[in-house]
Amino acid sequence: PAPSVPAAAEAVRPAPPPTRPPDVVPQLPSALLQELAAIGDLESLRARLDSFDGCALKATAMNTVFGVGPADADLMIIGEAPGEQEDRQGVPFVGPSGNLLNLMLNAIGFAREQVYVTNTIFWRPPGNRTPTPLEVQSCTPFLHCQINLVQPKVLLLVGGAAAKSLLQRTEGIMRLRGRWFDVSVDSATAPIPAIATLHPAYLLRSPAQKREAWQDLQFVRDRLNGEAV
């Protein structure tokens, strides 16, 4: 029989590499959250955002892209993040995707000037990369404050990142689009109906998907007109 191998001589299996811990999203100071809750208009919120240093993207961006539109708009559109042209101009949804968004709004009887438009984050990520959960979470209280101040009748969430962030869902945009959800940003106010659709930048690359986006826009139009959808 083969001689037994002493325990000390047995091959030792290498320990598995440690798993990377998930990103931990820090809680913003309660004093800041209370301060935001007390803000009564968009101009004051913009001023507070200008002095906010809790998001590292601010250091690499050219401009803060806050949001534009009437403070009492019935429709509020929320995208993902500013791109290069938005960063340069300090305005959300400009350039080719912005032009297509304007045409989409016109198709349901809205002018861009009637709609409040913003993003889930307020500074462009370098190279237009996807924002990290930390970056999104640092901006979320300001976005929620925007929503509370505008109090739109309908939220249109443009693109998968915005839909997942606001709806707190994990499904892709093709599963989320065309469905109504309720978004609550403050326990003191009623939930706001929200629907997701495809991003204009995606539609420029995949024009065959415009039919789905048109269906979503018709749902928005009918909801705002008081028709059951």
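Me: How many contacts beyond four places in sequence does the model have for residues 2-12, where pLDDT stays under 50?
Reply: This is a predicted model, and its chain averages a pLDDT of 88, with 86% of the residues scoring at least 70. Residues 15-25 also stay under 50 in pLDDT, and for them the model has 5 contacts beyond four places in sequence. For residues 2-12, the number is 1.

Me: Why is strand β1 described as largely enclosed by the rest of the structure?
Reply: Leu75, Ile77 and Gly79 point one way from β1, while Met76 and Ile78 point the other way, and all are buried. Strand β1, residues 75-79, is therefore largely enclosed by the rest of the structure, the count of its buried residues being 5 of the 5.

Me: Which residue of β3 is the bridge partner of Met76?
Reply: Strand β3 covers residues 154-158 and pairs with β1 in the parallel sense over 4 bridges. Within β3, the bridge partner of Met76 is Leu155.

Me: Which residue of β2 is the bridge partner of Ile78?
Reply: Strands β1 and β2 (residues 116-119) run parallel and are joined by 4 bridges. Ile78 of β1 has as its bridge partner in β2 the residue Thr118.

Me: What are the contacts of Ile77, leaving aside its neighbours within four places in sequence?
Reply: Ile77 is a buried residue of β1 that points the way of Leu75 and Gly79. Its contacts include Leu101 and Leu105, both of which are buried residues of α4. The full set is Leu101, Leu105, Val115, Tyr116, Val117, Thr118, Leu156 and Val158.

Me: How far apart are the end C-alpha atoms of helix α4?
Reply: Helix α4 has 13 residues, 95-107, and at 1.5 Å a residue these should span 18 Å. The distance in the model agrees with that expectation: 19 Å.

Me: Against which elements do the buried residues of α4 pack?
Reply: The buried residues of α4 are Gly95, Ser97, Gly98, Leu100, Leu101, Met104 and Leu105. Just after the helix, Gly109 takes a positive phi of about 85°. The elements against which the buried residues of α4 pack are β1, α3 (84-89), α8 (200-205) and α9 (210-224).

Me: Which helix contributes the largest share of the largest nonpolar core?
Reply: The largest nonpolar core has 59 residues, and Leu75, Ile77, Trp123, Ile147, Leu155 and Leu157 have the most contacts inside it. Its largest share is 7 residues, and these come from residues 133-150, helix α5.

Key
Residues are numbered from 1 along each chain as its sequence is written. This is a predicted model: local features need pLDDT of at least 70, side-chain atom pairs count only at pLDDT 80 or more; totals for chains, interfaces and linings use all residues. Side-chain values use heavy atoms; hydrogens and water are left out. pLDDT is the predictor's confidence in each residue, from 0 to 100. Contact means heavy atoms within 4.5 Å. Buried means under 20% relative accessible area, exposed over 50%, partly exposed in between (1.4 Å probe, protein chains only). Helices (H or I, at least four residues) and strands (E, at least two) are DSSP runs, numbered from the N terminus. Two strands pair if DSSP finds at least two bridges between them. The expected span of a helix is 1.5 Å times one less than its number of residues. A nonpolar core is a set of buried Ala, Val, Leu, Ile, Met, Phe, Trp, Tyr and Cys residues joined through side-chain atoms within 4.5 Å.
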